[in-house]
Amino acid sequence: MKKLRIGLIGYGFMGRAHSNAFRKAPNFFDLEFEPVLQAVCARDEAKVKAFAQRWGYASHETDWRKLIERDDIDLVDIACPNDLHKDIALAAAKAGKMILCEKPLARTGPEGLQMVKAIEKAGVPNMVWYNYRRVPAVTLAHQLIEEGRLGRIFHYRAKFLQDWTISADLPQGGTGLWRLDLKVAGSGVTGDLLAHCIDTALWLNGPIAKVNGMTETFIKERKHTLTGKVEKVGIDDACAFLARFQNGSLATFESTRYARGHKALYTFEINGEHASIAWDLHDLHRLQWFDHRDQGLVRGWRSIHVTDSDQPYMAKWWVPGLQIGYEHSFVHQFTDFLQGLSSGKPASPTFRDALATQFVCDAVLKSARTQKWEKVRA
Ligand code: SOE
């Protein structure tokens, strides 16, 4: 096995999810590469050292520029807040490293475009961690659509609902709450949550032509953790938009962090000429399927328990009937990346694929400002 020496930047929630994937992928899948946890980087020395020990990284750094300069790093994994994605990716591309980047690719389309140009010029393998594509039930949905089983698609409906920012006492900014700080995050639920829905939608149903959106910021001011002052909140707390896909189908997308009772309710439903599909992150191992071509007597919604060995990824896990969960989507995505290195067929979404999501987000936010339909940049 060829060694692939990884340098991870950021050790939060995503640093853990990625590290877990690096460790598990070779245990469960057949790979030509052996991931080596070479270094982890973050600003707080004591914390990054503890993270390195817990997860088995051989070394640690406190300056990401130093990590990128190192000759013993083949792949840089960007798992830190959004405002650093671009600078790190540009430097890593210049140094000829492979790059993985946490979603969203960037804060805005133009920032993402700069990243895409840099990595394409450098010719380095790259991928963005839109992990939900690799939930077996979602991959199965893709397979069924690719096989033409739905026929012409009429409708796409997606939601991502949470409720963790309802309290007006919650501050913005700093570790853990940077998602509420516009300068760091780039946007609110649009870039953080709807970006997932958009990425899956583009994968399942093709490009989006135009959008019409609305946003709201329910809590207008919050104390900033870093300055200690009460500051204006710039992010969108909620966003809903209508979309027209290039294939003629109509769509609705909705996201909020103010849906009391919902923690991470990502759902989508697709209605085609022959069949419909529905999926729900809270029940992620099931795919709901309705096929009008079934015999009338038994026609109805089926709940497919996606755990059988001929269903995507499942042959490599336990035995039929035993389900897997959230963490496995990252294991699958990293596995696909490594298999893409071996086959020469890059795993998606590449930076270029993820840029398309960024352009949809930009168009949605623009439309919320102009209150008009906006075309999505191609
Ligand atoms: C936000 O709460 C968040 O953690 C997102 O940042 C992730 O991308 C999403 O998968 C779950 O929710």
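Which residues in α1 meet which residues in α9? The model examined here is predicted.

## Helices α1 and α9

In α1, the residues concerned are Ala17, His18, Asn20, Ala21, Phe22, Lys24, Ala25 and Phe28; in α9 they are Glu327, Phe330, Val331, Phe334, Thr335 and Leu338. By class, this contact of α1 with α9 has 9 nonpolar, 3 polar and 2 charged residues. An α-helix has 3.6 residues a turn, so residues three or four places apart point the same way.

Two packed helices are described by the angle between their axes and the distance between the axes. For helix α1 (residues 13-28) and helix α9 (residues 326-343), the axes come within 8 Å and cross at roughly 65 degrees. The crossing of α1 and α9 is right-handed.

## The sheet of 6 strands

An open sheet of 6 strands is built in the order β3-β2-β1-β4-β5-β6, and its pairing is parallel. At its edges are β3 (59-61) and β6 (126-129), each of which pairs on one side only. Neighbouring strands of this sheet are turned against each other by 25 degrees on average, direction ignored.

At the β3 edge, strand β2 (residues 33-41) runs parallel to β3 and is joined to β3 by 3 bridges. Val40 has His60 in β3 as its bridge partner.

## The sheet of 9 strands

Another open sheet has 9 strands, in the order β16-β15-β14-β13-β7-β12-β11-β8-β17, with mixed pairing. The edge strands here are β16 (302-305) and β17 (374-375), and each pairs on one side only. Strands of a sheet pair through backbone hydrogen bonds, either parallel or antiparallel.

Within this order β7 stands next to β12. Strand β7 (residues 153-161) pairs with strand β12 (residues 250-256) in the parallel sense, over 7 bridges. In that pairing, Tyr156 stands opposite Ala251 in β12.

## Helices on the sheet of 9 strands

Helix α6 (residues 136-146) packs on the sheet and touches β14 and β15; the direction of α6 makes about 165 degrees with that of β14. Helix α10 (residues 351-370) lies across β8 (208-216), β11 (238-245) and β17, and runs at about 55 degrees to β8.

Is α6 mostly covered or mostly uncovered? Helix α6 is mostly covered, with 8 of its 11 residues buried. The buried residues of α6 are Pro136, Ala137, Val138, Thr139, Leu140, Ala141, Leu144 and Ile145. Their cover includes α8 (189-205) as well as β14 and β15. After α6 comes Gly148, which has a positive phi near 80 degrees.

## Asp283 and the loop after β14

Where is Asp283 found? Asp283 belongs to the loop between β14 (275-280) and β15 (286-291). These are the two strands that α6 touches.

Why is Asp283 counted as partly exposed? There are 14 other C-beta atoms within 10 Å of Asp283, whereas a buried residue needs 20 or more and an exposed residue has 12 or fewer; Asp283 is therefore partly exposed. Asp283 lies 254 residues from Phe29 in sequence, and the two are 24 Å apart in space, C-alpha to C-alpha.

## Around the ligand

Which residues surround the ligand? Gln162, Asp192, His196 and Ala264 do so. By class, this shell has 1 nonpolar, 2 polar and 1 charged residues.

Key
Residues are numbered from 1 along each chain as its sequence is written. This is a predicted model: local features need pLDDT of at least 70, side-chain atom pairs count only at pLDDT 80 or more; totals for chains, interfaces and linings use all residues. Helices (H or I, at least four residues) and strands (E, at least two) are DSSP runs, numbered from the N terminus. Axes are lines fitted to C-alpha atoms, for helices over the stretch in contact, and angles run from 0 to 180 degrees between N-to-C directions. A crossing is left-handed if the near helix is turned anticlockwise from the far one by less than a right angle, and right-handed if clockwise. Two residues are in contact if their C-beta atoms, placed from the backbone, lie within 7 Å. Ala, Val, Leu, Ile, Met, Phe, Trp, Tyr, Cys and Pro count as nonpolar, Asp, Glu, Lys and Arg as charged, and the others, Gly among them, as polar. A residue is near a molecule or strand if its C-beta atom, placed from the backbone, lies within 6 Å of it. Two strands pair if DSSP finds at least two bridges between them.
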